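Subject: Handover of a structure

Hello,

I am passing on the structure below, followed by notes on what was found in it. Please read the notes with the structure open.

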Amino acid sequence: MNRLLFALVTGCLLSLPARAAESQFALFAGGCFWCVETDFDGVPGVLETISGYAGGKSANPTYEDYASGGHREVVRIKFDPDRVSYSMLVSVLFHTTDPTDGGGQFCDRGFAYTTAIYALDERQAMDAKAGKIKAEAELGKPIVTPVEGAAKFWPAEEYHQDFGARNPIRYWYYRNGCGRNRTVEALWGDRAYAGVNH
C-alpha cells in the first residue's frame, strides 16, 4: 500500500511540501533605468530586472522617441514573494531615489525621468500608497511619486539591459557625475539604500 493511500485509509495526514509562490512583477520609474536596474539587482529575492519604457501613448517606443511619446524610463522587476514583499520593493524605490523631486531625478530632468509606481493590481496600489505614507513620515516632507495604474511595458533596446554590469566604468562615471548617490545619502542619511546589497 502506498503512503498516500495508507494515510487516507488510516486517517493520517501526511505533511506534503508547501507549494512555492509564483513569481510576481513590479513596475517602477526612478530616473535613469540603468541605475534603478542596478539597485534592484542588489535586493535579495529579485529574480530579474528589465529596463524599458511605460506610461505614454505611443506604441513601440525607442530610446530616441520615448520621451516625446509621454513615456518614463522604467524597470520591470520579477521577484519571489516568498523572499521579498512588494511593500519592501516600494520601500527600496523610495530609499534609492529622491521622491521629493517632481522635475526629474538628479542631473536628468524632465517628465521621462520622474519617479512613479505603476501598480499592477489593487493590492499593489494599496501597498504602494501605504509605503508612500510611511516614507513621508520618515522624511517629514511630501513625496511626489505618484501611484498610477498598470501601464503597458515596452522593453528597452538590448544595449540598455544590464548596462551597469556590462559597462561598469562608463556606468559609474555617469552615476557619480549625475550625483545620484550623494543626493540619496543626503536625503535619507543612514537609511539610504536600505534593503540593497551593494
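The protein has 7 helices and 8 strands. The model is a predicted one. Of the 198 residues in the protein, 46% are buried. If one takes the contacts between residues at least 6 apart in sequence, 75% of them join residues at least 24 apart.

The sheet

An open sheet of 6 strands is present, with mixed pairing and the strand order 7-6-1-3-2-8. Its edges are strand 7 (147–148) and strand 8 (153–155), each of which pairs on one side only. Helix 2 (residues 33–41) packs on this sheet and touches strand 1, strand 2 (46–54) and strand 3 (72–79). The direction of helix 2 makes about 165° with that of strand 2.

Strand 1 covers residues 24–30 and pairs with strand 6 (residues 115–118) in the antiparallel sense, over 4 bridges. Strand 1 also pairs with strand 3, again in the antiparallel sense, over 5 bridges. Leu27 can be used to follow both pairings: Tyr118 of strand 6 stands opposite Leu27, and in strand 3 the bridge partner of Leu27 is Arg76. Phe25 has Lys78 as its bridge partner in strand 3. How many residues of strand 1 are buried? The count is 5 of 7, so strand 1 is largely enclosed by the rest of the structure.

Strand 3 pairs with strand 2 as well, in the antiparallel sense and over 8 bridges. One pair to look for is Ala54 with its bridge partner in strand 3, Arg72. Strand 3 is mostly covered, with 6 of its 8 residues buried.

On strands in general, one point helps when viewing the sheet. In a regular strand, side chains alternate between the two faces of the sheet.

Helix 2 and Ser51

Helix 2 is mostly covered too, as 7 of its 9 residues are buried. The buried residues of helix 2 are Phe33, Trp34, Cys35, Val36, Glu37, Asp39 and Phe40.

Ser51 lies in strand 2. Is Ser51 buried or exposed? Ser51 has a relative accessible area of 0%, and because the cut-off for buried is under 20%, Ser51 counts as buried. Leaving out residues up to four places away in sequence, Ser51 touches Phe33, Trp34, Glu37, Val74, Val75, Phe153, Pro155, Ala156, His160 and Gln161. Among these contacts, Phe33, Trp34 and Glu37 are buried residues of helix 2.

Cys32

The UniProt record, an unreviewed entry, places the feature "active site" at Cys32. Cys32 is found in the loop between strand 1 and helix 2. Its relative accessibility is 6%, so Cys32 counts as buried. With neighbours within four places in sequence left aside, Cys32 is in contact with Glu73, Asp108, Tyr113, Tyr174 and Arg180.

Helices 6 and 7

Two packed helices are described by the angle between their axes and the distance between the axes. For helix 6 (residues 168–178) and helix 7 (residues 180–188), the angle is about 45° and the axes are 4 Å apart. Helix 6 and helix 7 are therefore oblique to each other. Helix 6 contributes Trp172, Arg175, Asn176, Gly177 and Cys178 to the contact, while helix 7 contributes Arg180, Asn181 and Arg182. Sorted by class, the contact has 2 nonpolar, 3 polar and 3 charged residues. Arg180, listed here for helix 7, is also one of the residues in contact with Cys32.

Ala150

Ala150 is found in the loop between strand 7 and strand 8, which are the edge strands of the sheet. At 59% relative accessibility, Ala150 counts as exposed, because the cut-off for exposed is over 50%. Which residues does Ala150 touch, not counting those up to four places away in sequence? They are Ala119 and Leu120. The C-alpha atoms of Ala150 and Ala119 are separated by 5.4 Å, and the two residues are 31 residues apart along the chain.

Regards

How values were computed
Residues numbered from 1 in each chain as written. Predicted model: local features only at pLDDT ≥ 70, side-chain atom pairs only at ≥ 80, totals over all residues. Heavy atoms only, no water. Pairing = 2+ DSSP bridges. Helix = DSSP H or I, 4+ residues; strand = E, 2+ residues; numbered from the N terminus. Contact = heavy atoms within 4.5 Å. Axes fitted to C-alpha atoms, helices over the stretch in contact; angles between N-to-C directions. Buried < 20%, exposed > 50% of the residue type's maximum accessible area, 1.4 Å probe, protein only. UniProt positions renumbered as here; feature names shortened; annotations may be inferred. Parallel < 35°, antiparallel > 145°, perpendicular 65-115°, else oblique. Nonpolar A, V, L, I, M, F, W, Y, C, P; charged D, E, K, R; others polar.
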